[in-house]
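Let's take a friendly walk through a protein together. Please have the sequence and the 3D view ready, and look up each residue as we come to it.

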Amino acid sequence: MASLYPSKATGWTSVLALLAMMLSRPVLADPAPVPPFSDHYRLKSQGIPFTIEATRTLRRVRDGLWEMNVHAKNWLGEIRETALFSWQDCMPETSFYGYRRRGLGRVKKAEVHINRDTGVAVSERSNKPMTSYEVGSNATDDLSLTLALQCRLRQGANDITLDVADDRGLSTHHYRVVGKEKLDIDHMAVNTVKVKRVRAADSKRQTFLWFAPGRDYALVKLEQQNADGKHTMTLMDEN
């Protein structure tokens, strides 16, 4: 399996969840750039003769703090991934990112804590020493970057650059709209905008994402080609 999101080189295998509870009383706040959701996806990897279902959820933890969460589980193991962030215009500015993978008797995990006051990220991952690095004021994470893309596409952007913090350090991601496609999502035709991650000319990795304008630019498909094959995540339409 390789990573659910395009920045992990090993495919769908990086994911961690930190479930946060909602406050007991309602919070009155301005509408978020991307409203809360809970969507289900099918994950398919080349060479694996079955699909895995995953849940992708966005919710408000408390006023100003949001949680993005992905959870996938089958008889082989479990993958969880979580980010905590605050919205600044269209940018989900991350304060925590982490993943946890359990399977075949092993557990792999990583966490990144970002102190927005000092601009320093501290990274911890399995069997590796703790490291720290500087981040800019607008850094997001591997999981929340799709929310930034969704928001920017809705504003009409065609070329998007994001600073992304993960357990290995800070990197710059460049995305570009490359066209429009009509996809078959559970036997329903869905009009989409196709986005490509722009990589170095000699890169053997390819990442494409499809967002649906008719659904507030929700992510409906992600496809990544790695050295170990093609990995695809497709929305399960429940309408």
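The paragraphs below visit a helix, a disulfide, the nonpolar cores and some salt bridges. Keep in mind that this is a predicted model.

A good place to begin is helix α1, which covers residues 145-154. Is this helix mostly covered or mostly open? The helix is mostly covered, with eight of its ten residues buried. The buried ones are L145, T146, L147, A148, L149, Q150, C151 and L153. R154, in contrast, is partly exposed, at a relative accessible area of 33%. Move along the chain to just after α1, and you will find G156, which has a positive phi of about 100°.

Stay with C151 for a moment. A disulfide is a covalent bond that joins the sulfur atoms of two cysteines. How many disulfides does a search of the whole structure find? The search turns up one, formed by C90 and C151, whose sulfur atoms lie 1.7 Å apart. This bond connects distant parts of the chain, since C90 sits in the loop between β4 and β5 while C151 belongs to helix α1, 61 residues away. The torsion about the S-S bond is about -75°, so this disulfide is left-handed. Both ends are tucked away: C90 is buried at 10% relative accessibility, and C151 is buried at 3%.

Now look for the nonpolar cores. The largest has 31 residues, and the ones with the most contacts inside it are L149, L162, Y175, L209, F211 and V220. Strand β13 gives this core its largest share, five residues. A second, separate core has 24 residues, among them I114, Y133, L147 and A165. Notice that helix α1 appears in this story twice: L149 is one of the residues with the most contacts in the largest core, while L147 is in the second one, and L147 and L149 are both buried residues of α1.

Let's turn to charged side chains. Side chains of opposite charge can pair when their charged atoms come close. How many salt bridges are counted here? The count comes to ten, and we will visit three of them.

The first stop brings us back to the end of α1, where R154 forms a salt bridge with D216, at 3.1 Å from N to O. D216 lies in the loop between β13 and β14 and R154 in helix α1, so this pair ties together parts 62 residues apart in sequence. D216 is partly exposed, at 29% relative accessibility.

Next, find D186 and R42, whose side chains meet in a salt bridge of 2.8 Å, N to O. Why does this pair tie together separate parts of the chain? D186 is in the loop between β11 and β12 and R42 is in strand β1, so the partners come from places 144 residues apart in sequence. D186 is partly exposed at 29% relative accessibility, and R42 is partly exposed too, at 33%.

The last stop is the salt bridge between E78 and R102, at 3.2 Å from N to O. Here E78 belongs to strand β4 and R102 to strand β5, so the pair links parts 24 residues apart in sequence. Are these two partners buried or partly exposed? E78 is buried, with a relative accessible area of 13%, whereas R102 is partly exposed at 34%. Through shared partners, salt bridges also join E78, R80 and R102 into one network.

Definitions and conventions:
Residues are numbered from 1 along each chain as its sequence is written. This is a predicted model: local features need pLDDT of at least 70, side-chain atom pairs count only at pLDDT 80 or more; totals for chains, interfaces and linings use all residues. Side-chain values use heavy atoms; hydrogens and water are left out. A salt bridge is a side-chain nitrogen of Lys or Arg within 4 Å of a carboxyl oxygen of Asp or Glu. Helices (H or I, at least four residues) and strands (E, at least two) are DSSP runs, numbered from the N terminus. Buried means under 20% relative accessible area, exposed over 50%, partly exposed in between (1.4 Å probe, protein chains only). A nonpolar core is a set of buried Ala, Val, Leu, Ile, Met, Phe, Trp, Tyr and Cys residues joined through side-chain atoms within 4.5 Å. A disulfide is a pair of cysteine sulfur atoms within 2.5 Å.
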